[in-house]
Amino acid sequence: MEDTEMAVVVSKAQGEETVFEKHGLDIRPHRDLMEQKRLDKRFKDREDPLRLVFVCAMWLTGFDVKPLSCLYLDKPLKAHTLMQTIARVNRVDAGKVGGLVVDYIGIVDALRKALADYTNVAGAAGQDPFQDLDALVARFREALAEATRRLEEGGFAIERLFGAVTATERLQALADAAEAVSQSAENKAAYLAAVRMLTHTAALIGRESLTEEEIDEREAHRAISAFFESRRREIDVTDLSATIQRIVDAYVHVETDTGKAVAEPLDLSAIDFGRLADAFRRSSHKRLMMEEVLERIKAKATALARKNPVRTDFLKAYEALAEAYNACQDPEATERLFLELLELSKRLTEEQNRYVREGFESEEELAVYDVIRSGVALSKEDMAKAKRVAKQILATVRGVFGKPDFWASESARAKLSTDIRDLLYDLPTSFSNEVIAARREALLTHFRAIWNDLRPAS
């Protein structure tokens with residue numbers, strides 16, 4: 001609270017200075033602050049120190065502040081005004097599990113009536129919107145026990161996190177805990193669901209209803225959950241090869257002559273599968289490494305397939321490996337899957353740069369070419385013709401950029417379809433009329449899917 005600023009927000013009234021003076025109050029400095037400091041803009045900024053505002057009527061309705069999480073009420077409200085007031089704290093925002101309303105005046109009955117009058121949720125008739133505190137505490141403790149049990153069954157004692165002093169010790173303990181709950185996809189999902197439940201219920205019941213031991217245990221589980229989340233946020237696969245290299249270097253350790261485990265950089269550009277399999281076998285965080293590699297490969301395969309429909313085979317290959325990994329319990333089979341993942345990552349990296357090898361200036365040109373030649377055997381000379389046609393078609397499409405609702409215009413669609421057909425007729429004779437017609441439809445579907453990506457930024 002040391003750097004938190006507070007302010008008053010009330011409607012301006014004629015003769016207000018005299019009214020406040022009768023109560024021994026001076027409204028003038030507060031009015032100056034309201035009129036000169038843009039309090040509304042500051043209060044919407046989650047980084048601004050203005051965090052507590054006293055309001056009368058202004059801001060209670062129609063003032064949207066997504067980060068706002070707590071509302072104190074000390075005036076009687078009812079009907080739609082009460083509903084709009086409650087809505088100030090129910091906005092969805094990153095890191096926010098819910099809104100807290102602290103009622104000093106007693107609006108329970110008014111809120112029950114307002115909910116009945118202004119909401120129409122199927123099956124909600126007769127349900128009380130208020131939750132019993134004892135029931136919430138019981139639900140919290142049930143989720144806490146479930147989360148701790150999942151950890152212990154994986155071989156990790158949560159007390160290790162309490163005893164971690166240095167940042168290195170804490171990071172190692174978090175990685176070991178994450179590895180423990182990642183022994184199966186089902187176990188990890190159940191663990192994270194339990195952590196979400198205890199976080200949600202804890203936000204509703206407050207610290208005073210919990211023991212210090214329960215609070216410490218909850219914070220440990222939240223740290224483990226945040227460890228998983230930090231890896232999801234760091235998915236930058238612009239250079240997949242470098243990303244996979246970093247993951248392998250972080251998780252694969254080997255024993256030195258001194259008997260100490262150290263990280264040993266491994267060159268993935270020339271994969272030595274035997275050496276990698278041995279290094280993976282020695283890693284103490286196999287599941288974490290596998291899951292992180294899987295997430296990166298999924299992100300890259302999805303991005304590549306979105307730009308080029310012919311690349312769906314990469315997504316199918318990823319899905320097959322992910323399914324096999326989730327069902328795998330055999331250590332040797334897991335090692336083979338790890339090596340297959342590295343091989344797939346290498347293929348994705350090569351695919352990412354294929355447009356250069358094919359003589360194109362962009363992936364978009366390559367995508368058009370791939371759609372055109374899909375399933376058709378071409379000679380070297382015919383390939384050159386098909387590439388020229390692909391470049392001309394993309395240039396034509398780029399030339400019709402304009403209104404965002406292009407696809408809603410029947411005449412615009414018909415004109416583009418005709419232009420693409422005329423260009424496709426320049427293809428070699430190995431392309432029959434039936435194939436050309438099919439390619440035109442495939443290209444129109446492709447351009448519709450990536451239209452916003454092709455449009456230049458405004």
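Strand β2 (strands are DSSP E runs of at least two residues, helices H or I runs of at least four, numbered from the N terminus) supplies the largest share of the lining of the second largest pocket, six residues. The model is predicted: local features need pLDDT of at least 70, side-chain atom pairs count only at pLDDT 80 or more, and totals for chains, interfaces and linings use all residues. Residues are numbered from 1 along each chain as its sequence is written, and side-chain values use heavy atoms, with hydrogens and water left out.

**Pocket**

The second largest pocket has a volume of about 720 Å³. A pocket is an open set of points on a 1 Å grid over the protein atoms alone, where a 1.4 Å probe fits, with protein on both sides within 12 Å along at least five of seven lines; lining residues have an atom within 4 Å of a point. The volume is the space filled by probe spheres set on the points, which are joined across faces, edges and corners. The lining comprises 26 residues, with F43, L52, V53, L68 and C70 nearest the centre. The elements giving two or more residues to this lining are β2 (50-55) and β3 (70-73). By class, 18 lining residues are nonpolar, one is polar and seven are charged. Here Ala, Val, Leu, Ile, Met, Phe, Trp, Tyr, Cys and Pro count as nonpolar, Asp, Glu, Lys and Arg as charged, and the others, Gly among them, as polar.

**Helices**

Helix α11 (residues 240-251) packs against helix α13 (residues 286-307) at an angle of about 175 degrees, with the axes 10 Å apart. Axes are lines fitted to C-alpha atoms over the stretch in contact, and angles run from 0 to 180 degrees between N-to-C directions. The two helices are therefore roughly antiparallel, a term for angles over 145 degrees. Contact (heavy atoms within 4.5 Å) involves residues including I244 and Y251 of α11 and M289 and I297 of α13.

Nine of the eleven residues of helix α17 (residues 363-373) are buried, so this helix is largely enclosed by the rest of the structure. Buried means under 20% relative accessible area, exposed over 50% and partly exposed in between, with a 1.4 Å probe and protein chains only.

**Positive phi**

Most residues other than glycine have a negative phi. Two exceptions follow.

| Residue | Phi | Location | Relative accessible area |
|---|---|---|---|
| W59 | about 80 degrees | loop between β2 and β3 | 14%, buried |
| A79 | near 55 degrees | helix α4 (residues 79-86) | 30%, partly exposed |

Terms used
Angles under 35 degrees count as roughly parallel, over 145 as roughly antiparallel, 65 to 115 as roughly perpendicular and the rest as oblique.
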